[in-house]
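This report describes one protein chain, moving from a single residue to the wider fold and then to the confidence of the model. The sequence and the structure are shown first.

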Amino acid sequence: MTMGLPMDPNLADIHVPSGPTSIHQAESFEGLTLQQLIARKDNLEAELKALGAVLDSHGVTMQTSLTTFDGFPRSDIDVAQVRVTRARIVVLRNDWKALMDKIEKGLHEHHAKYQASDEYKNSLNQSQQQPAPIPVPDQTPSAPETPFAKVNSVEPGSPAHEAGLKAGDLIRRFGAAIWSNHERLRKVGEVVSQNLGRPILVKVSRGTGSGAQELDLRLTPRQNWGGRGTLGCHIVPI
């Protein structure tokens with residue numbers, strides 16, 4: 001996969017009708033319980049993946065030009081459909097960010113209420129009355145996250161080069177993308193598109209044997225750095 005312009009998650013083919021597509025945040029999120037907010041988040045993510053599949057079916061991304069070199073609408077794709085789909089994706093992405101903020105606040109409030117409850121205080125008293133567990137020496141440390149991608153090349157002067165990425169590095173985490181959810185690197189493209197100009201935590205394994213290193217790097221995607229794409233590196237799934 002060449003890391004150029006950001007990609008979007010694409011799963012199922014659906015048709016997006018023309019017409020109004022915006023979601024009013026107050027109508028969707030106000031007054032919802034934490035469980036309802038989480039369920040709404042799952043629905044939003046499912047719809048975003050399905051909308052991404054619509055773009056996939058046209059062979060375009062969020063950045064693909066819809067006009068020819070001389071400024072006319074392209075005849076090989078349904079330009080109106082793509083525009084409506086893109087607009088819907090933008091709305092849902094904004095809703096998703098607002099929803100995640102509400103969920104985070106809701107979790108903090110939930111934990112604060114629990115810590116102030118009699119149940120929590122009773123559990124503390126019971127734990128203090130019980131003898132402390134005997135520590136087990138020489139416990140095996142948790143295994144590092146499984147690598148899911150490999151860096152094939154890095155352009156000099158690129159954001160990837162400035163972050164310290166090198167050819168041959170094995171990627172264990174790219175923001176929220178890990179081995180279990182990267183979907184053939186689609187999740188990586190989603191992370192990049194949502195974090196232009198913001199640092200992303202990238203965990204890599206470098207080298208083999210006794211000289212192997214586990215590194216935590218900070219990669220900030222940006223445009224107009226002097227080369228192609230927003231990262232300036234080429235990675236492939238493994």
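Ser-158 sits in the loop that connects strand 1 (149-154) with helix 5 (159-163). The model is a predicted one. Ser-158 has a relative accessibility of 0% and therefore counts as buried, the limit being under 20%. Apart from neighbours within four places in sequence, the residues in contact with Ser-158 are Trp-225, Leu-231 and Gly-232.

**Overall architecture**

The protein chain contains 6 helices and 5 strands. Along the sequence these elements follow the order α-α-α-α-β-α-β-α-β-β-β. Of the 238 residues in the chain, 33% are buried. Among contacts with a separation of 6 or more, 69% are between residues 24 or more positions apart. The chain exposes about 14,500 Å², and carbon and sulfur atoms supply 52% of that area.

**Helices 2 and 3**

Helix 2 comprises 25 residues (residues 34-58). At 1.5 Å a residue its expected span is 36 Å, and its end C-alpha atoms lie 37 Å apart, so the two values agree. The buried residues of this helix include Leu-34, Leu-37, Leu-44, Leu-48, Leu-51 and Leu-55. Lys-41 is also one of the buried residues of helix 2, whereas Lys-49 is partly exposed, with a relative accessible area of 25%. After helix 2 comes Gly-59, which has a positive phi near 75 degrees.

Ala-87 belongs to helix 3 (residues 79-115). Its relative accessible area is 38%, and Ala-87 is thus partly exposed. Between the C-alpha atoms of Ala-87 and Met-62 the separation is 9.5 Å, although the two residues are 25 residues apart along the chain.

**Strands 2, 3 and 4**

Strand 3 (residues 200-206) has 5 of its 7 residues buried, so the rest of the structure largely encloses it. Strand 2 (170-174) runs antiparallel to strand 3, and 4 bridges join the two. In this pairing Phe-174 stands opposite Val-202 of strand 3.

Strand 3 is also joined to strand 4 (residues 213-219) by 7 bridges, again in an antiparallel arrangement. Here Ile-200 stands opposite Leu-219 in strand 4. Strands 3 and 4 form a hairpin with 6 residues between them, and Gly-207 in the turn has a positive phi of about 85 degrees.

**Salt bridges**

Side chains of opposite charge can pair when their charged atoms come close. In this model the count of salt bridges is 10. The table lists three of them, with the N to O distance for each.

| Basic residue | Acidic residue | N to O distance |
|---|---|---|
| Lys-49 | Glu-183 | 3.3 Å |
| Arg-74 | Asp-76 | 2.7 Å |
| Arg-206 | Asp-169 | 2.7 Å |

Which parts of the chain does the salt bridge between Lys-49 and Glu-183 link? Lys-49 and Glu-183 form a salt bridge that links distant parts of the chain, Lys-49 being in helix 2 and Glu-183 in the loop between strand 2 and helix 6 (186-193), 134 residues apart. Like Lys-49, which is partly exposed, Glu-183 counts as partly exposed, at 30% relative accessibility.

In the salt bridge of Arg-74 with Asp-76, Arg-74 counts as partly exposed at 21% relative accessibility, while Asp-76 counts as exposed at 55%.

Asp-169 and Arg-206 form a further salt bridge. Asp-169 lies in the loop between helix 5 and strand 2, and Arg-206 lies in strand 3, so this pair ties together parts that are 37 residues apart in sequence. Both Asp-169 and Arg-206 are buried. In addition, Lys-41, Asp-42 and Glu-45 are joined into one network by salt bridges that share partners.

**Confidence of the model**

The average pLDDT of the protein chain is 79, and 78% of the residues score at least 70. Among the elements of the chain, helix 5 has the highest mean pLDDT (94) and helix 1 (residues 25-29) the lowest (50). Over residues 1-27 the pLDDT stays under 50, and the model has 79 contacts beyond four places in sequence for this stretch. The pLDDT is also below 50 over residues 138-143, a stretch that has 0 contacts in the model beyond near neighbours in sequence.

Definitions and conventions:
Residues are numbered from 1 along each chain as its sequence is written. This is a predicted model: local features need pLDDT of at least 70, side-chain atom pairs count only at pLDDT 80 or more; totals for chains, interfaces and linings use all residues. Side-chain values use heavy atoms; hydrogens and water are left out. Helices (H or I, at least four residues) and strands (E, at least two) are DSSP runs, numbered from the N terminus. Buried means under 20% relative accessible area, exposed over 50%, partly exposed in between (1.4 Å probe, protein chains only). Contact means heavy atoms within 4.5 Å. Accessible areas come from the Shrake-Rupley method with a 1.4 Å probe; for residues, only the protein chains shown count as cover. The expected span of a helix is 1.5 Å times one less than its number of residues. A salt bridge is a side-chain nitrogen of Lys or Arg within 4 Å of a carboxyl oxygen of Asp or Glu. pLDDT is the predictor's confidence in each residue, from 0 to 100. Two strands pair if DSSP finds at least two bridges between them.
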